[in-house]
Structures are given as C-alpha cells and as structure tokens.
Amino acid sequence: GKAWCQVHCVNLVRRGFLALTPEFIGMGELTGDVLHNRQGHLNLTGLAGPGLMYLAMKKGLDVALSHRRADRRRVAVTGLSGGGWQTIVISALDPRVTLCAPVAGYTSVRARLDVLADVGDLEQAPVDLTTVLDYQDLTAMVAPRPLLQILNENDDCCFATARAKPVIVDALRPVYRAFGVEDRLAFHSNLVPGTHNYDEDNRRQLYRFLNRHFGLSAPESDIHRPEDILPAHRLDMGLPAEQESFLSLARKRAYALCANRAQVRTSADRARLRARLAQVVHLPAYRVIDRVICRRGDQHQHLLRMAPWTVPMTALTPPGAAEVEIRVADQGRSHFAPPDGKRNVFAADIFDTGENQYSVERKMILECAGHRLLGIQVAQILALADWAARRAADKRVHLVASGYVMSSAALIAAALRPDRFRSVSLTNILGTLKSLF
C-alpha cells in the first residue's frame with residue numbers, strides 16, 4: 001500500500017517531482033480485495049478484472065496530470081512486483097507516460113509455464129491475453145520512450161534475472177535499435193540484497209535514469225530524512241461506508257444479467273442459445289482414441305486420448321448389460337460406489353478431476369491462452385458420451401455426475417446435446433451460478 005511507497009515518493013518530491021501513489025487494489029486500505037483471484041467472479045459475468053485495475057491506474061494518472069504544475073513532457077511510472085506489472089500495463093497503453101521503470105514485475109506468459117512461481121495472480125495471467133499479445137509485446141509498445149528494466153538476481157518471489165532478462169530485455173534490444181534509440185533501454189540486475197526488493201540500490205538506478213532522460217542533476221542516492229516517513233496510520237484517509245470490490249461488482253452484474261435474460265420460447269431460440277453457450281465456453285471438438293491398459297474379468301482400465309489430453313477411465317461391462325452409463329465426479333472415478341451390474345459403466349477422470357488434476361497456475365495459463373477449463377471438461381464429456389453410445393442400442397447414454405464442477409459441466413453437456421443422453425443424474429449441483437457470489 002501507500003505506506004510502503006513513502007521512501008520512494010519523498011525522494012522524488014525532494015527532487016522536484018509531483019509523486020502520486022494510487023493504492024494497489026487489495027493493498028493498504030483496499031484490503032477488501034486482498035484476494036486478487038476473486039476477479040474470477042468478474043470473469044463469470046463477462047467482465048475482466050485487469051480492466052478494473054487499468055482504470056484505477058488511468059484515473060490515477062488523470063489526477064496527477066490535472067495538477068497545475070504537472071509537466072506532461074516528463075511523466076514517469078515505476079513500481080515493484082504488482083506495481084511493476086501495473087507499470088508496464090499503463091506505460092504500454094497510455095502514451096502520456098514518457099518514461100517507465102518496472103521492477104521485478106513480469107515476464108512472458110510462455111516463460112511462466114515452467115516456473116509456476118512466476119504465474120502470479122489472475123490479473124498477471126488474464127483470460128485470453130495471449131490471443132492478442134504477450135508481455136514482451138507490451139514492453140515493445142513502450143518504445144521509443146525510455147525504459148529501465150530492473151530485476152533481482154536471486155529473487156525469492158518471482159521473475160529472477162536469469163529467467164526474465166532474455167524475454168523482456170534481450171528480446172527488446174532490436175526494437176530500440178530499429179528506432180535508433182538503444183540508449184533509452186537500460187537494464188539493472190540487483191545483487192544487494194538481490195531478493196525481491198526496491199531498496200536503495202534499485203532506487204539509485206531509478207534516480208540515475210531520471211537524471212539522464214529528464215535532464216536533471218539531482219543526487220543519485222536517497223535524500224529523504226527519517227522525519228519524512230510517517231507511520232502507516234497517519235496515511236489512512238478512510239473509505240466510504242459502501243466500498244465496491246471485485247465480488248460486489250460481479251454480484252450486481254450477475255443479478256442484473258439474470259433479471260434481464262430473454263425468454264426462450266421456440267426451437268429456434270433454443271438453437272441460438274445452444275450456439276451461444278458453446279461459444280462462451282469455447283467448446284472444442286474431441287474424438288476418442290481408446291487404449292486398453294489392462295483387463296480383469298468384466299473390469300477394464302483404459303487411457304482415452306482426446307486431442308492433447310489423456311483421460312484415465314475404468315470400464316465395467318457385466319454380461320448381458322445393454323444400457324450404458326458414464327460417470328464423472330469432482331473427486332474422480334473412485335468417488336462412486338460399485339455399480340449394480342445392470343449397466344455398462346464407464347467412469348472417467350476427465351480434465352482436472354481425480355488423478356487428472358492440474359495446478360491452479362497451469363489452469364490460469366490455459367485460460368490465458370484462450371481456452372476455457374469448463375469448455376474442455378464439457379467437450380470431454382461429450383466425446384466420452386459419443387464413444388460410449390456406440391455400445392448402446394439406441395445410441396444414448398445415462399450421465400451421472402457428482403460435485404459442483406462436474407455437475408455443472410455435465411448439465412452444460414446435456415443442454416448442448418440432449419439427443420445423446422437418455423437420463424442425467426446430478427448430485428451436489430449448484431442451483432444457480434449466482435450462488436457462487
């Protein structure tokens with residue numbers, strides 16, 4: 001929050017700057033949103049959390065530049081970690097910024113794949129980002145304006161020098177060279193303390209960079225005094241009694257969307273709604289390639305290949321059974337009690353269930369690349385149903401699902417392809433998506 005930034009602000013003020021710290025959402029007095037991944041509630045309603053954070057940055061810049069003494073030719077943005085992420089976003093998208101210095105704030109999404117500590121919160125790997133660009137592209141958008149990229153050699157949080165420098169510094173040099181302004185791209189790798197910091201050594205690099213590109217002759221070291229730094233409570237200004245948050249904004253929008261939804265009356269309405277639903281979940285199409293791993297009586301273990309995914313499945317095919325049932329559960333196929341022997345049962349651990357689970361960070365990267373976790377799950381259920389239906393006389397299957405996630409995915413699958421399912425049985429289902437709020 002703003003208390004942490006005092007040393008930076010005081011040193012800039014003593015150099016003749018107007019210094020403004022818009023408090024990062026979730027920090028300082030804004031701790032109602034300390035869980036940044038609550039932006040997922042906004043995603044569910046078709047809004048984007050990073051858009052809200054961008055607007056906060058833009059409004060902060062509006063306030064700073066409205067000051068009668070503001071020099072629009074010399075406008076700098078800097079910050080550490082989440083502040084470094086803010087720095088590159090506002091600097092790339094707002095041409096009013098004339099110089100920026102992000103500190104250990106980001107790397108490319110591709111580089112985050114192998115280092116989950118570098119994934120960060122939802123705003124740093126937002127839904128669909130890489131369908132448009134990646135962070136090296138955002139950084140290139142700063143050119144030809146001066147850019148100082150600071151990383152920490154042994155960063156104990158994220159974006160250590162060895163990992164981030166090739167992606168967001170070395171890759172940018174040809175861009176600045178093409179503009180003929182190579183001297184405007186600077187880099188510093190901090191060794192003291194070398195961990196996740198914006199301490200004295202890193203501040204010194206900022207002062208030096210500002211002097212060079214803003215035509216100043218200020219000292220290249222800290223010049224603040226102990227009495228300049230106030231206790232945190234002295235900086236608290238108090239918030240309105242009704243303070244919005246990611247969750248409150250999402251809840252209001254969700255209820256408004258539900259209240260204003262058009263009635264579905266005709267078969268054409270239903271067809272349009274199904275098409276729209278498939279579009280919203282980015283529904284892929286999979287075909288099953290079956291590989292039997294082992295057989296023991298009427299119980300078989302399979303690995304089903306569905307495009308890039310492998311789905312483990314247990315098949316129970318008692319003699320004389322004619323009907324087909326597929327089972328999915330949040331906890332995985334081991335969650336179910338043994339079947340009664342009246343149906344052929346295919347229980348699968350589809351994407352992110354049972355033994356097929358993935359880390360939250362990898363799922364964030366997947367959605368950042370334009371996929372939808374729910375869409376993948378629905379598509380796998382539909383592919384499994386198509387594969388299993390070939391063993392049923394009427395080409396329809398019974399669908400059994402358990403858990404909030406799998407029941408939701410199964411319900412969507414059945415809504416999209418009702419002709420494929422003979423019955424649908426759901427337990428622990430959400431009565432409405434509004435209950436998530």
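Which residues does Ile88 touch, not counting residues up to four places away in sequence? In this predicted model, the partners are Tyr106, Tyr135, Leu138, Thr139 and Val142.

Ile88 is a good place to enter the interior. The largest nonpolar core holds 47 residues. Ile88 is among those that touch the most other members, together with Trp85, Tyr135, Ile168 and Tyr176. Several elements each supply at least two residues of this core. The helices are α3 (49–65), α4 (82–93), α6 (135–140), α7 (161–168), α11 (246–259) and α13 (360–368). The strand β3 (147–152) is on the list as well. Helix α4 gives the most, with five residues.

Apart from this core lies another. This other core has 40 residues. Tyr286, Leu304, Val311 and Val397 are among them.

Now turn to the charged side chains. The count of salt bridges comes to 30. Three of the pairs are worth a look.

Start with Lys58 and Asp62. They form a salt bridge, with the closest N and O atoms 3.5 Å apart. Both residues lie in helix α3, four residues apart, or about one turn of the helix. Lys58 is partly exposed, at a relative accessible area of 27%. Asp62 is partly exposed too, at 23%.

Next comes Arg163 with Asp118. Here the closest N and O atoms are 2.9 Å apart. Arg163 lies in helix α7, whereas Asp118 lies in the loop between α5 (109–112) and α6, so this salt bridge ties together parts that are 45 residues apart in sequence. The two ends differ in exposure. Arg163 has a relative accessible area of 33% and is partly exposed. Asp118 has 1% relative accessibility, so Asp118 counts as buried.

The third pair is Arg327 and Glu325. Their closest N and O atoms are 2.5 Å apart in the salt bridge. Are these two residues buried or exposed? Buried means under 20% relative accessible area. Arg327 is at 12%, so Arg327 counts as buried. Glu325 is at 7%, so Glu325 counts as buried too.

Arg327 and Glu325 also belong to a network of salt bridges. The network links them with Glu323, Arg343, Asp394, Arg396 and Arg422.

Methods: Residues are numbered from 1 along each chain as its sequence is written. This is a predicted model: local features need pLDDT of at least 70, side-chain atom pairs count only at pLDDT 80 or more; totals for chains, interfaces and linings use all residues. Side-chain values use heavy atoms; hydrogens and water are left out. A nonpolar core is a set of buried Ala, Val, Leu, Ile, Met, Phe, Trp, Tyr and Cys residues joined through side-chain atoms within 4.5 Å. Buried means under 20% relative accessible area, exposed over 50%, partly exposed in between (1.4 Å probe, protein chains only). Contact means heavy atoms within 4.5 Å. A salt bridge is a side-chain nitrogen of Lys or Arg within 4 Å of a carboxyl oxygen of Asp or Glu.
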